[in-house]
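Me: Please take a close look at one part of this model, the loops and the helix around its aromatic rings, and walk me through it in a connected way. I would like to know what lies buried there and what touches what.

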Amino acid sequence: MALQDQERHDFKKEKKLKSHEEVEDDAHLGDMIEEELKSYDGTDPQKPLLMAIKGQIYDVSISRIFYGPGGPYAPFAGKDASRALALMSFEESDLNADLTGLGPFELEGLQDWEDKFKSKYVKVGSIKNSKVVP
């Protein structure tokens, strides 16, 4: 079963922890570097559960059953998982934002994921470039 089909199927089982409006009220985290994003992987229940697509960070806390520890998409939490989503991969080497070498089919799939995230989750920030420019 494809990743999107699995999430759509499992969504019916999901228990919402907070409403979309409650998450939006709490969601003023701002921009952060990728290293900071890692601390929002769901291992600390006091922090929101975040993941990014194409550099945009979303609060996926309402889908903790999917993205939280033990969930089917837990490897994506606390990361920009653009490449993995585009390739429909759970490989550790694909859990990054690098879109190099992806073809139109993969990029279209990634756009579908981004559209889904924009409609379902609250954007809470963007990933800042962690490289210091001299």
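Reply: A polar contact is taken here as a pair of N or O atoms within 3.5 Å, one of which must be able to donate a hydrogen and the other to accept it. In this predicted model, the backbone nitrogen of leucine 49 lies 2.9 Å from a polar atom of the side chain of serine 61. Serine 61 belongs to the loop between strand 2 (56-59) and helix 4, and with a relative accessibility of 11% it counts as buried, because the limit for that word is under 20%.

The loop that follows helix 4 (64-67) and leads to helix 5 (82-87) holds glycine 78, which is buried with a relative accessible area of 2%. Beyond its neighbours within four places in sequence, glycine 78 is in contact with Leu37, Lys38, Tyr40, Asp41, Leu50 and Met51. Its C-alpha is 10.0 Å from that of proline 48, although 30 residues separate the two in sequence. Tyr40, one of the contacts of glycine 78, also has the charged end of lysine 47 sitting over its ring, 5.0 Å from the ring centre.

Phenylalanine 76 lies in the loop between helix 4 and helix 5 as well, and brings us to the rings. The model has 11 aromatic pairs. One of them joins phenylalanine 76 to phenylalanine 90, with 5.2 Å between the centres and 5 degrees between the planes, and is stacked. This pair links distant parts of the chain, since phenylalanine 90 sits in the loop between helix 5 and helix 6 (104-120), 14 residues from phenylalanine 76. The two partners differ in exposure: phenylalanine 76 is buried at 0% relative accessibility, whereas phenylalanine 90 is partly exposed at 39%. Both belong to a cluster linked by ring pairs, together with Tyr58, Phe66, Tyr67, Tyr73, Trp113, Phe117 and Tyr121.

Two members of that cluster, Trp113 and Phe117, are among the buried residues of helix 6, alongside Leu110, Glu114, Lys116 and Lys120. Seen down the axis of helix 6, these buried residues fall within an arc of 160 degrees, and therefore they line one face of the helix. The face turned away from that buried side carries the exposed residues Pro104, Phe105, Glu108, Lys118 and Ser119. Helix 6 itself has 17 residues and reaches 24 Å from its first C-alpha to its last, close to the 24 Å expected at 1.5 Å a residue.

Definitions and conventions
Residues are numbered from 1 along each chain as its sequence is written. This is a predicted model: local features need pLDDT of at least 70, side-chain atom pairs count only at pLDDT 80 or more; totals for chains, interfaces and linings use all residues. Side-chain values use heavy atoms; hydrogens and water are left out. Helices (H or I, at least four residues) and strands (E, at least two) are DSSP runs, numbered from the N terminus. Buried means under 20% relative accessible area, exposed over 50%, partly exposed in between (1.4 Å probe, protein chains only). Contact means heavy atoms within 4.5 Å. Rings of Phe, Tyr and Trp (its six-membered ring) pair if their centres lie within 6.5 Å; planes under 30 degrees apart count as stacked, over 60 as edge-to-face and the rest as tilted. A charge sits over a ring if NZ of Lys or CZ of Arg is within 6 Å of the ring centre and within 35 degrees of the ring normal. The expected span of a helix is 1.5 Å times one less than its number of residues. The arc is that of the directions from the helix axis to the C-beta atoms.
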